[in-house]
Structure formats: structure tokens, C-alpha cells
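User: I am new to this structure and would like to go through the reasoning behind its labels. Could you show it first?

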Amino acid sequence: MTTVATRRTDGVRRGSIRKGETASSWLFTAPVLVLLGLFLVIPILMALWVSFSDWGGRGSPFSAGVNFVGLKNYEAITSGGGLAEQNFGQSLRNNLWYVVLVVPIQTVVALVLASLVNNQRLKGRGFFRTAFYFPSVTSSVAITVLWLFLFNTTGAINKVLSWLGVHGPNWFNDPQGVLHAILGAFGVTSGPGALVSHGFLGVSWWDWLAGPSWAMSALILLAVFTTSGTFMLLFLAALQNLSGDLQEAAMVDGATSWERFTRITLPQLRPTLFTVITLGLIGCWQVFDQVYVATDGGPDGTTLTPAFLSYQASLINQDWGQGAAIAFILFVIIIVFTLIQRWVLRERAVSKRRRLNPPPVKVAGLPAGEAER
Amino acid sequence: MSRSLTRTVLMGAVAASAALALAGCGSGFGSSNDTGNGGSGSTSKLTSSNDPLTVLIGSSGDAETNAVKSAVASWSSSSGTKATVIPANNLDQQLAQGFAAKKPADVFYLSTGSLPGYAANGSLLAYGDQLPSDLKNDFYPSLVKNFTYDGKFYCAPKDVSTLQLIINTDKWKAAGLTDADYPKTWDDLATVAKKLTSGGTTGLVVSGQYERLGAFMVQAGGNLTNADNTKVTADSAANVKALSYAQSLLKAGSMKFAADVGAGWGGEAFGKGLGAMTIEGNWISGSMQSDYPNVHYKVVPLPEGPKGKGTLQFTNCWGIAADSPNQKAALKLVEQLTSKEDQLQFSKAFGVMPSIQSAASDWKQEFPEYTPFLDATDYAEGVPTLKNVAPVITDLDGKIAQLKTTDPKTILDSAQSNLQALLK
């Protein structure tokens, strides 16, 4: 009894207000913590367990009959030369091309659109803003179905191409990689032996370098079309937050509009750029609904993505361990890509060389601290 | 930055350990009630209770849903057991969720492709041998084989479909062909397909997949596996011959795949007049009626190959869950739903073919124009039913779609090794 009393007075004496704050902060965050734990952390850990188990999809994964099988599920999709490995390799290849093309294109398009719409002299800005944002608020399923019609072999896109004298591809049914198709046009139809006979994850290097298939290219265009509007909005918000002082100062110094954009506007947009690229990367590595609606992974598996493969392995083929393993490899890939991108976009100190030979355009009016950085 | 990173890591560690502890506590919830009851082992004792039944179906449309609903309702009123029919949006997914939650539908549609996975993880009740013997012996033997996994007859086939040749009679006449010209051999088919090819119409347009071209394999005396699914025969000479024949038609331009003419499947290409003939199953009647009512067509048997008649058959069964609390009632319901009266009702409502031999003559009387489909049940072969076979078939379909420019042997060799891996 006495000890408790002493302790209490002690506590009050030391951090009288702080202590109450800590307790109430836990109290206020508790509901969210419980919800997050219940619906996020526990399911993730359950999935992690499933990826190391032979759970077959019946009853709880923690029930008695489920065994720990070590890395067996991971081995099945990364080695052994079976179909599971091939499919996983192919899905990674497809998705890598998707990421490599979608993320830069959608970021640039979003930035350009935002700059255009931000232009004070543009008439009807409200209309354009809505128009560019419209695809983002439309259901992705609806747009995908629209895409299926547009890119049908006898559809609108190929019709337009035929006016230009181009015989359009059979978009959603042609598994040939775009780069292979271009090489094919120059008479190169099979790769050098070194590339064909060696490979990674059951896919030859020649096929890794095939580029996205025509079907995947259509999905890439779809992604750019739908997400650029969302990111345009982020850039627009950031652009509208920039103060005009720096711009004016640069104008006084005689900087051209391109120089002002690359040297003043762009550096200030870095936090937004980080957000947009991170969201883009994560979204692109998780592409699922377009594949589910449009292609089911076809033609010849060239639109398979790890997310879709994980779904297929678990819910359709009852291979829950493999499905979970794919999901966790995907998780690691996303983390690694985000870390790389974070490192690339980090705030750098101005290099020594730069400081000694200042760039031709000197920006007056920068506060001293800003210039130091 | 480094400080925030450390904090993030710490938070993550705390959250992870807390959740591990929680998950540890939670691990009891499964083990208490799961002692391996039911499953593949318990075929003799059925659970029985007063629980109402749920029936999960993957319906083709309102006609099918209403027919099943009324059949189940009439059983309910005569048996006194309540039963609800739920049309699934995505049957595979909803089944999987039910099994994982241990609250599956009691009775459900089950495809030959899904059977091995669910049979292997113990989700299904293998009730085939507990059906009354007069009903059990009435099923087409090949269907019983389709639903036999690991030596156990799992579930009652609910219907059967086969592939035959569908001919656009207007285009047939326009090409100067008569009833005497219906193709009897592969050469005949090549000849008429060539004659029917003109302008925007291709002689034969089929979906480019094993599920259609497999009919040629059977006609050549092959298939992907033997009938018991114990031996993989994908790279057999017969299969190579079949695919080479299909390839020759593709190269001649008298056959095209539906995807290459901008159609989703053979029936669509046929209905739109992009193809004068197609190879499809009896389900085509429904879509011809609703989407292309003005196209006149006739169903004839597929031509004979080097080894005589052959085609593929497809079927679904009425699965019963191992975790169903009322298997006794579920079994009674299935007996009712596979009875001659109910199956003929279903045929009238949505065009399926009954899975029992005793209903054949009534069915033929009702649908004389579709008799070739039902006749084919005598010689049709099923598709492989091995655990995890679905991705292998998908992979094979993807390659068959490129048959025009790919060596048949290469395609079949990879199918052989992929299927072989499933047998181990």
C-alpha cells in the first residue's frame, strides 16, 4: 500500500502533466490500434504463416492438421523448373515492364497536365481540370471494359491505325513482346543463343527482354489514362502552394521559363514527386483488377502479374501456401523499390564542384539558408 | 531521418510481437473443433441436424437460377427441410471462402477442374457410393469417372455437355453444299471449310484452346491423359497428328481462332457470321436463341479422325461439403435434383443435357435437333482431372492460340512435362 502511494506521488511530482497525456493518448489511439491489429497485422501474420505451411484452404490455418513446411512454397515458385516457377517468372517480367513504363510516363504526364492547368492564362481551367480528373473517378472495371472494345482487333484503335496505313496488332490476343515485334520487323526473329538458352526464374533472358506484350501495352496505356488525373491533382495542389516570389526573382534575373521550371519549380515539388512515385510504384506492382476483368492473365500468360497469380494460386487452385509466398515476395519487392527510390530522391547537399562553379543562372533573392542547402 | 527510421523499426517490432502474441492466443480457435471429422475419410457416417441447407450455384442466368430455385423449393416443401439457393457471383472464390471459414454451402456446383483441389484438402464429402444404386448406375460411366478422385466417387454429375460441329445452313447452301456433304472425315472437313471460306467469312472458327481442339486429339486416338488420369499421354503421336491437322487448316486459312477474328468465343464468331462453322457444345443453343435469333444452323457430328469418332465432354456435379452439419438432407436433395424429372425440367429451362441414361430418350424427343450432342456421350472423353491441372491447361491454351506459327510437338512436349509434374 505504502509503496503504491509513494510511487504515485513520485509520478505526479516528476512529470505531472506528461503522465496524464501518455495515458490518455493510449486511450484515444487504442480503438485504432485494436482495429489495425485485428484487420491488418494479424491477417498479415496469418498469411506469413500460411506461406510457410501446407494449409489447403479448409478450416483455420492454425488447426492441428496444418504443418510447417519451411521454404517449400517459396522454393516451388523460385526454383525447380516447373510451371509454378515459369508463371512466377513471367508474372514478374510482365509487371516489371509495366512498372518501368507506367511510373515514369504517368508521373511526367501528370506533371505536364498540372502545369498546363495551373497556367493562369488558360481559359476554362475548371473544365480541363475536371476532364483530366474524370478517368480517375470512373470505375476501373468500366474503363477496362471500354478498353476491351477500343482495342478489339476490329475495334476503333485499329480502325484509326488503318487510316494511317498501319495494320494494327490483335491487342488483347497477341502474346508477342513489343520489342520482339520491332526486332521482327527488321528480320530478327530469334535471339542470340546466349540469351535464349540462359534465363532467370524459368524465363529466358531473351524473353525477359521481349518488352510488354501488345495486351500488356494496352493495359499500360489504360493505367496511364486512369491514374495521371489523380496525380495531376497532387501536383496541382503542390504547385498552387508555391509562392510567386521565387519565380519573380528568377524572372528579374532573366531566367527562361524552362529554366524556372527545372531549377525552381521542380526542386520545390520534390516531396510531392516522392509521394507520386511511391504511390505509383506500389499501385503498379499490385495491378490486379484490369487483369482480372480484361485478360485473366492471357494471352499466353503475358498479362499475368504477381498479384493476380497469387489470387489464382490460392482461390482457384487451392495452393494457398504458394499464393501467400507470392504475396510476400511482392511485398519485399515493393519495399525494396520504395527504398531505392527514396534514396535516389533524397535531399542532397550541393556538391563542392557546384559551389565552386556556380551554374550560369544565378538566382538572386534566395534566402541565404536556402542557397546553402 | 535516421531517428524516424529507428522509430519506425521499433514500432514495427512492437506491433509484430504484440500481434504474434495475439495470434498465439488465437491459434486455439481452430484446433478445438477440428479433429479431422468428415473429410475424405468419413464416407459411411453422415451428419444430420435440423439446420437449413444452402445451395450455392454458378448460374448462367435467370432461367437457370429460377429453375434451380423452384426445384429446391419443391423438395423443401415435401421434405420439410428449409433450403436457400444462392447464385454465386464468383463460384470458385465463394466456395474457397466458405471452406476456409468452415461455413461452406451445403450443396454446390462443382466443376471437374475444382474437384481435385477440394477433394485433396478434405473439403468434400465423397458421397457417390451412398447414392441409391439404381441412380448411381444410371449415370454415364464416363461422368462417374470424371468425378472419381483417388479411387473415390465424390459427387453426382448434374449434367453433361459435349462438343459437335455447328453449321450455318444459309452459308452452307450459298456455297453450293448439300446434306450429303456433312463432313465424315478430316479431309471432308478441310474441303468444306475451304469451300465456305470467302470474304469476311472463314470456314471454321473455333476458340483456340485445348477445350475445343482436344476433340481432334480424341479422334486421332489421343488425349492429354489416359481415362483414369494415371498416365500422361500429352506428347503422343496421336496428339501431334491432331494438332498438325489443325495447324494445316490454320495455314490454309480455312480455319481461324475466334480471338483472331475479334470474337470472344466460337459461338460469337459463328453468330456474327465471321465463321460458317464452329465447334461448340450444347450451351450454344441458349446464346443463339437470345443473341442471334436470325441465324439458321444445324448440329452435326464432328468428323471421324484416324481412330474414328471422338469429342470432348464437360460436366459439373453437385458437391456436398464435408463440413456441412446436415449431410443427410443434402444427399436427399441431390438425389432429387439428379432425378429424371428434375433433370428434364432443367433441360427445358436452360438447355442442359441430363447426366442419366434413362432420361436420354425423353430428351431426344424434346430436342430432336440437338441429338448429336447426346449421342456423343457414348464416345466422348473428359478433360484431365488432376490436382493443380488448371494452370497447366491455361498454359497449354495460351500456346495452342499460337498454333499457326508454333511446332505442335513443342507445345505438347511442354504440356507433357507440366502434367507429368502433377502426377508425382
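Analyst: What follows is a set of questions about terms and the reasoning behind each answer. Note that this is a predicted model.

User: Start with chain A. What makes up its secondary structure, and how many of its residues count as buried, in percent?

Analyst: Chain A has 19 helices and 2 strands. It has 373 residues, and 34% of them count as buried.

User: Which contacts in chain A join residues far apart in sequence, and what share do they take?

Analyst: Take the contacts with a separation of 6 or more. Residues 24 or more positions apart account for 71% of them.

User: Why is helix α16 of chain A called largely enclosed?

Analyst: Count its buried residues. The helix spans residues 306-316, and 9 of its 11 residues are buried, so the rest of the structure largely encloses α16(A). A residue counts as buried if 20 or more other C-beta atoms lie within 10 Å of its own. Those that pass are Pro306(A), Ala307(A), Phe308(A), Leu309(A), Ser310(A), Gln312(A), Ala313(A), Ser314(A) and Leu315(A).

User: What covers the buried residues of α16(A)?

Analyst: The cover includes α4 (83-118), α15 (289-294) and α17 (320-344) of chain A. It also includes α4 (91-100) of chain B. Just after α16(A) comes Gln318(A), with a positive phi of about 60°.

User: How many residues of each chain are in contact with the other?

Analyst: 32 residues of chain A are in contact with 39 residues of chain B. A contact needs C-beta atoms within 7 Å. On the chain B side, at least two residues each come from α1 (2-26), α2 (28-31), α4, α5 (115-120), α18 (389-400) and α19 (408-423). α1(B) gives the largest share, 7 residues. By type, the side of chain B that touches chain A divides into 18 nonpolar, 15 polar and 6 charged residues.

User: Now to chain B. What makes helices α3 and α14 of chain B oblique to each other?

Analyst: Look at the crossing angle. The axes of α3(B), residues 62-79, and α14(B), residues 327-337, cross at roughly 125°. Roughly perpendicular covers 65 to 115 degrees, and roughly antiparallel begins over 145. The angle falls in neither range, and therefore α3(B) and α14(B) are oblique. Their axes come within 10 Å, and the crossing is right-handed.

User: Which residues make that contact between α3(B) and α14(B)?

Analyst: From α3(B) come Ala71(B), Val72(B), Trp75(B) and Ser79(B). From α14(B) come Ala329(B), Lys332(B), Leu333(B), Gln336(B) and Leu337(B). These divide into 6 nonpolar, 2 polar and 1 charged.

User: Why is Gly214(B) called buried or exposed?

Analyst: Gly214(B) has 27 other C-beta atoms within 10 Å. The cut-off for buried is 20 or more, so Gly214(B) is buried. Gly214(B) sits in helix α10 (residues 210-219) of chain B.

User: What does Gly214(B) touch, leaving aside its neighbours within four places in sequence?

Analyst: Gly214(B) is in contact with Asn223(B), Leu312(B) and Val383(B). As for Gly199(B), it is 15 residues from Gly214(B) in sequence and 28 Å away in space, C-alpha to C-alpha.

User: How do you know that strand β3 of chain B pairs with other strands?

Analyst: Count the bridges. Pairing takes at least two bridges. Strand β1 (residues 53-57) of chain B and β3(B) have 2 bridges and run parallel. There, Leu56(B) stands opposite Phe108(B). With β11 (residues 313-320) of chain B, β3(B) has 5 bridges and runs antiparallel. In that pair, Tyr109(B) has Trp318(B) as its bridge partner. β3(B), residues 107-111, is also mostly covered, with 4 of its 5 residues buried.

User: What makes strand β6 of chain B count as mostly covered, and which strands does it pair with?

Analyst: β6(B) spans residues 156-168, and 13 of its 13 residues are buried. The pairings are these:
- β11(B): antiparallel, 6 bridges, with Thr162(B) opposite Gln313(B).
- β9(B), residues 275-281: antiparallel, 5 bridges, with Thr278(B) as the bridge partner of Ile166(B).
- β10(B), residues 297-300: antiparallel, 4 bridges, with Asn168(B) opposite Tyr297(B).

Key:
Residues numbered from 1 in each chain as written. Chains lettered and ligands numbered in written order. Predicted model: local features only at pLDDT ≥ 70, side-chain atom pairs only at ≥ 80, totals over all residues. Buried ≥ 20, exposed ≤ 12 C-beta atoms within 10 Å, placed from the backbone. Contact = placed C-beta atoms within 7 Å. Nonpolar A, V, L, I, M, F, W, Y, C, P; charged D, E, K, R; others polar. Axes fitted to C-alpha atoms, helices over the stretch in contact; angles between N-to-C directions. Parallel < 35°, antiparallel > 145°, perpendicular 65-115°, else oblique. Left-handed = near helix turned anticlockwise from the far one by under 90°.
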